[in-house]
2 protein chains.
Amino acid sequence: MIGRLNHVAIAVPDLTAAADQYRTALGATVGEPQDEPDHGVTVIFIELPNTKIELLYPLGEGSPIQGFLDKNPAGGIHHVCYEVDDIIAARDHLKSTGARVLGDGEPKIGAHGKPVLFLHPKDFNGCLVELEQV
Amino acid sequence: MIGRLNHVAIAVPDLTAAADQYRTALGATVGEPQDEPDHGVTVIFIELPNTKIELLYPLGEGSPIQGFLDKNPAGGIHHVCYEVDDIIAARDHLKSTGARVLGDGEPKIGAHGKPVLFLHPKDFNGCLVELEQV
């Protein structure tokens with residue numbers, strides 16, 4: 001069912017410093033900051049040859065990233081995103097196995113303009129899993 | 001400098017259950033458990049079309065994964081591994097930017113039989129980074 005690893009998201013306490021570090025210390029291809037007010041985040045994508053790293057920084061009040069940074073002030077790996085062909089079929093199959101979908105269980109339009117869902121980290125070895133329909 | 005994302009490693013409290021879940025709930029291609037006594041882990045690789053997920057479980061006394069699971073009993077994302085062409089050149093460049101290499105700073109032979117190094121997570125937004133020479 002799951003396909004490619006679309007991205008790994010890393011919450012960072014200083015977006016400019018993190019982008020500079022990926023660019024100069026790790027020598028990666030780093031994009032420009034993009035505000036995603038609907039998601040409460042500013043993101044920078046690091047383009048690797050086979051996938052992406054998504055640097056996440058809180059935007060506005062009630063950002064879902066702020067609580068994570070409060071608990072992890074240095075930052076940390078926030079989630080992984082797997083691609084699926086049919087997000088409704090994937091959701092219904094996962095629910096049938098007992099996995100919990102976060103929120104109201106309906107896909108939202110994610111930061112890439114595609115339908116996404118998040119699965120409860122307690123059901124996946126402490127790992128927050130995003131599914132994105134591609 | 002960094003190339004492909006070689007893998008994302010997830011520490012899990014129950015390797016069989018985690019493998020079953022990736023196989024049946026997420027519908028992924030799941031390998032067999034491999035004991036890596038030199039690294040104090042048993043690993044199972046999940047093969048995705050563009051990269052791998054590495055499920056990690058402690059093996060033997062003093063496993064580097066045990067402390068992580070003690071702090072995160074449900075499991076969690078443990079590290080990301082980026083590929084590099086020349087691990088010595090990568091290390092020396094990273095050290096020149098102030099990044100700290102874990103251990104004695106010399107590459108070890110990693111779980112895939114290739115030279116690896118780990119970078120201090122405090123220098124990389126709370127994210128443990130492995131470099132693997134490919």
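How much area is buried between chain A and chain B, and what percentage of it do carbon and sulfur atoms give? About 3,100 Å² is buried, with carbon and sulfur atoms giving 63%; buried area is the accessible area (1.4 Å probe) that two parts lose on being put together, summed over both.

Before you click further, some ground rules. This is a predicted model, in which local features need pLDDT of at least 70 and side-chain atom pairs count only at pLDDT 80 or more, while totals for chains, interfaces and linings use all residues. Residues are numbered from 1 along each chain as its sequence is written, chains are lettered from A and ligands numbered from 1 in the order in which they are written, and side-chain values use heavy atoms, leaving out hydrogens and water.

**Stop one: the interface.** Select the residues of chain A in contact with chain B (heavy atoms within 4.5 Å): you should get 39, facing 39 residues of chain B. On the chain A side, strand 1 (5-11), helix 1 (15-25), strand 6 (76-84) and helix 3 (87-96) each give two or more residues. These elements are DSSP runs numbered from the N terminus, helices being H or I of at least four residues and strands E of at least two.

Now look for polar contacts, that is, N or O atoms within 3.5 Å, with one able to donate a hydrogen and the other to accept it; residues adjacent in sequence count only if both atoms are side-chain atoms. There are 19 such residue pairs across the interface, both residues at pLDDT 80 or more.

**Stop two: the axis.** Rotate chain A by 180 degrees with 0.0 Å of shift along the axis, and chain A superposes on chain B with RMSD 0.0 Å. That is the relation of a two-fold axis. Next, pick Asn50(A), whose C-alpha is the nearest to the axis in chain A, 3.0 Å away.

**Stop three: a salt bridge.** Here a side-chain nitrogen of Lys or Arg lies within 4 Å of a carboxyl oxygen of Asp or Glu. Show Arg4(A) and Glu83(A), whose closest N and O atoms are 2.9 Å apart. Arg4(A) lies in the segment before strand 1 and Glu83(A) in strand 6, so the pair ties together parts 79 residues apart in sequence.

Terms used
Copies are superposed by least squares on the C-alpha atoms of residues with pLDDT of at least 70 in both.
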